[in-house]
Amino acid sequence: MHRVGQTVRRLAKYGIVLGGGTCIIAWATMPGSSVPNVSAMEDQLKYAWSPLPTRQNMIDSLKKDEFDVLVIGGGATGCGVALDAVSRGLKTGLVEKFDFSSGTSSRSTKLIHGGVRYLQKAVFNLDIEQYRMVKEALAERANLIQIAPHLAYPFPIMLPIYKLWQVPYFWAGIKTYDVIAGKQLLKPSYYLSKRKALELFPMLKKEKLVGALVYYDGQHDDARMNISMAISAARMGGTMTNYTEVVKLYKDKDATGKEVVCGARVKDRQTGQEFDVKAKCIINATGPYTDNIRLMDNDQERKICQPSQGVHIVLPDYYSPDKMGLLDPSTSDGRIIFFLPWQKHTLAGTTDSPCDLTDSPAPTEKEIQFILNEVKNYLHPDVEVRRGDVRSAWCGIRPLVSDPNKKDTQSVARNHIIEVAEDHLITIAGGKWTTYRHMAEETLDKAVQVCGLKPSKPCQTKGLLLDGAHGWTPTLFIRLVQDFGLENEVAQHLASTYGDKAFKIAKMSSLTGQRWPVLGKRLHQEFPYLEAEVRYAIREYACTAIDIIARRTRLAFCNANAAEEALPRIVQIMAEELKWNKSRQQEELSRARTFLRREMGLDLGSGASNVPINFTKDDINMYVKRFKNLDGDNKGYITVNDLRRYFKQTGEKVTEDQLHDILSEVDLNRNAQVDIGEFLQLVYCAQIAAQINNLDEYDQDLHRKHQLLMSALKSGAVANSRFAMAAELSSERISVDRSGGGV
């Protein structure tokens, strides 16, 4: 026992020495504090409320104007480059094949962070490049929270510790992380005892728990942040166009006789029209598509992008506390898993595996199960981690790059790289969300040098407030409640999404026809998204129903089933605004449903369909009659409205969440409609479950059926049979136990 005590004390001493030493090194290498280049507020207010050009205005500008800079790519990096260029006084255009933030930039872990794992490598490998990357990211983290306080905020993350020797080890690392942040530290980290850790994170597994460390990074709504950058650039005079694809690059000889890029042939994917765009400088900021543009420019170039996919899943809110995340620093295969509250749900991820480049990245069941299994390792046994609780699952492609400027072509660049081709095509690749602004600054500096651009100002983006930030305050939502009669939840959502532009959405909102709330018809009863947001999103260049459910709202990312239920109304509103005919409306519905099935996980997890039905003819006739009783309108299928009507008639109080779960139990093809086949499937499974529950002796045949049923239960497609209870027309209370209802 004495030796154990000596060992612990020695480890603690080494941890303190390590932490102290790295802290001294961090302070010694820290440059003197510099005053950020913040534009005068008067200059910022000139564009903060300037009207947005229409998308057609933008297309017309592309056709007739000659640009100093043409950016290809509308993700975080591309929009960051465009914002930097236009704020320097350069004539700037941007083209994006899909929607702003439609790719990797909307499918991140939603963290603004310096990178704790990179710091570990920097210390143990004495890697100065890793250290500089962490330091740069921590500085950019603070700036991003400053320029978009309505979208980004400091966020605590808990690191649970289950081995005593890890306390000084992790403490030293986290404290070094604080020190490197310097004056831009968000909040200091701290140690928690086992009791305090369980108070703050009661879902945590308590067996062998020693304590926990809590440190701070930032969290944000990535898609909205990206769109705010695009809107800010547009208000400042940038020509920002989505659904505009580059199909060809043009070259011409400069004054010295050297062949350089001078423009592009682009296609408006909304109309099919092609036209030419002239530009003095072209910047390739296409993320995973980096090599597509490089090879379009020169088909002899070697590829530098190595796509890697990361999957995230979304679980119900009760899986995590409201304001505390969790970090698993070492999963079973050595990766890192984050477990975070986000948008009143719980986000878990990510995986990391090589993949092929695709326009429609999709999660796999294997990756979903991996994340669920890792989550189980850290949660209390009372929290049953169920496949059926997965509300949405998505995949993002991370563009890992090898540095073309180095001879070693096999190694992956730890940071971003900037490549200048012989014809002056500039490529910015790699990096991460947090450092987009610094990446953009370095890219524009290189463009000015290489292409002879003449900006009227130096870089302005340090401290440059993004759209919605100028008039935002933490109490702005109260004004929305008091002045417009919005629900508190809705007002908070609008204020934290649109900032000071929330008043515009409030003014566009419809009367509810109720005493309270006065304004604000919701797209879906379970979420605070309003119908008015669809109309406002169209003014911010939303062109498709997918734009609405995936990026202008985060409905598809939070709950894919709810997104599908809201689709008809979304398409109806867009049709009114954009004058769509019936054919276009059906096309939008079909594309959006395909998107939800393939990219948001709705195609996965339908295990109940494997259970064979063995009803007699009389049984089938009886259940068909009960099906028709629920299908009061004789549509041939049952919807959530039929269930609402049924429970209203019986006087039972069932929440919208429960209704959603009941429907999802048997909606195997995920179209928000239950046909007679799916109905019979559920009733049969319910009968097997009931027999198993009442079984006293072993029955081999029933056991085989039980094994089949268990696959359905594990998938979350069938559990507790609440839909079957409704079908039986019983007056028993609906169970409040979750039935899955996920993807």
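1. Buried here means under 20% relative accessible area. S228 meets that cut-off, because its relative accessible area is 0%. The residue lies in helix α9. Beyond its neighbours within four places in sequence, S228 is in contact with L151, L466 and D467. Keep in mind throughout that this is a predicted model.

2. Now the overall picture. The chain has 743 residues, and 57% of them count as buried. Its secondary structure comprises 26 helices and 18 strands. Take the contacts between residues at least 6 apart in sequence: 74% of these join residues at least 24 apart.

3. Helix α14 deserves a look of its own. The helix spans residues 488-498. Which of its residues are buried? They are V490, A491, H493, L494, A495, T497 and Y498. Several other helices help to cover them: α9 (222-235), α13 (476-484), α15 (502-508), α16 (531-539) and α17 (545-552) are included in the cover. Helix α9 is also the one that holds S228. Just after α14 comes G499, with a positive phi of about 60°.

4. Next, the second largest pocket. About 1,500 Å³ of space lies in it. Its lining counts 45 residues. Nearest the pocket centre are Y153, D322, W342, Q343 and K344. By character, the lining splits into 22 nonpolar, twelve polar and eleven charged residues.

5. Which element gives the largest share of that lining? Helix α14 does, with six residues. Strands β4 (152-161), β6 (211-220) and β13 (337-342) each supply at least two residues, as does α14. So α14 has two entries in this note, because it has buried residues under 20% relative accessible area and also supplies six residues to the lining of the second largest pocket.

6. Aromatic pairs come next. How many does a search of the whole structure find? The search finds ten. One of them joins Y318 and Y319: the ring centres are 5.1 Å apart and the planes lie at 20°, so the pair is stacked. The cut-off for stacked is planes under 30 degrees apart. The two partners differ in exposure. Y319 is buried, with a relative accessible area of 0%. Y318 is partly exposed, at 34%.

7. F527 and Y529 make another stacked pair. Their planes are at 5° and their ring centres 6.2 Å apart. Both partners fall under the 20% limit, so both are buried: F527 has 6% relative accessibility, and Y529 has 3%.

8. There is also an aromatic cluster. W165, Y169 and F170 form it.

9. Last, two lysines sit over tryptophan rings. K110 lies over the face of W342, at 5.0 Å from the ring centre. W342 appeared above among the residues nearest the centre of the second largest pocket. K501 lies over the face of W49, and here the distance to the ring centre is 4.2 Å.

10. Places to look in the viewer. For the pocket, start from Y153, D322, W342, Q343 and K344, which lie nearest its centre. For α14, pick out its buried residues, among them H493 and Y498. For a stacked pair with one buried and one partly exposed partner, go to Y319, which is buried, and Y318, which is partly exposed.

Note on methods: Residues are numbered from 1 along each chain as its sequence is written. This is a predicted model: local features need pLDDT of at least 70, side-chain atom pairs count only at pLDDT 80 or more; totals for chains, interfaces and linings use all residues. Side-chain values use heavy atoms; hydrogens and water are left out. Buried means under 20% relative accessible area, exposed over 50%, partly exposed in between (1.4 Å probe, protein chains only). Helices (H or I, at least four residues) and strands (E, at least two) are DSSP runs, numbered from the N terminus. Contact means heavy atoms within 4.5 Å. Rings of Phe, Tyr and Trp (its six-membered ring) pair if their centres lie within 6.5 Å; planes under 30 degrees apart count as stacked, over 60 as edge-to-face and the rest as tilted. A charge sits over a ring if NZ of Lys or CZ of Arg is within 6 Å of the ring centre and within 35 degrees of the ring normal. On a 1 Å grid over the protein atoms alone, a cavity is a set of points where a 1.4 Å probe fits but cannot get out, and a pocket is an open set with protein on both sides within 12 Å along at least five of seven lines; lining residues have an atom within 4 Å of a point. Grid points are joined across faces, edges and corners, and a volume is the space filled by probe spheres set on the points. Ala, Val, Leu, Ile, Met, Phe, Trp, Tyr, Cys and Pro count as nonpolar, Asp, Glu, Lys and Arg as charged, and the others, Gly among them, as polar.
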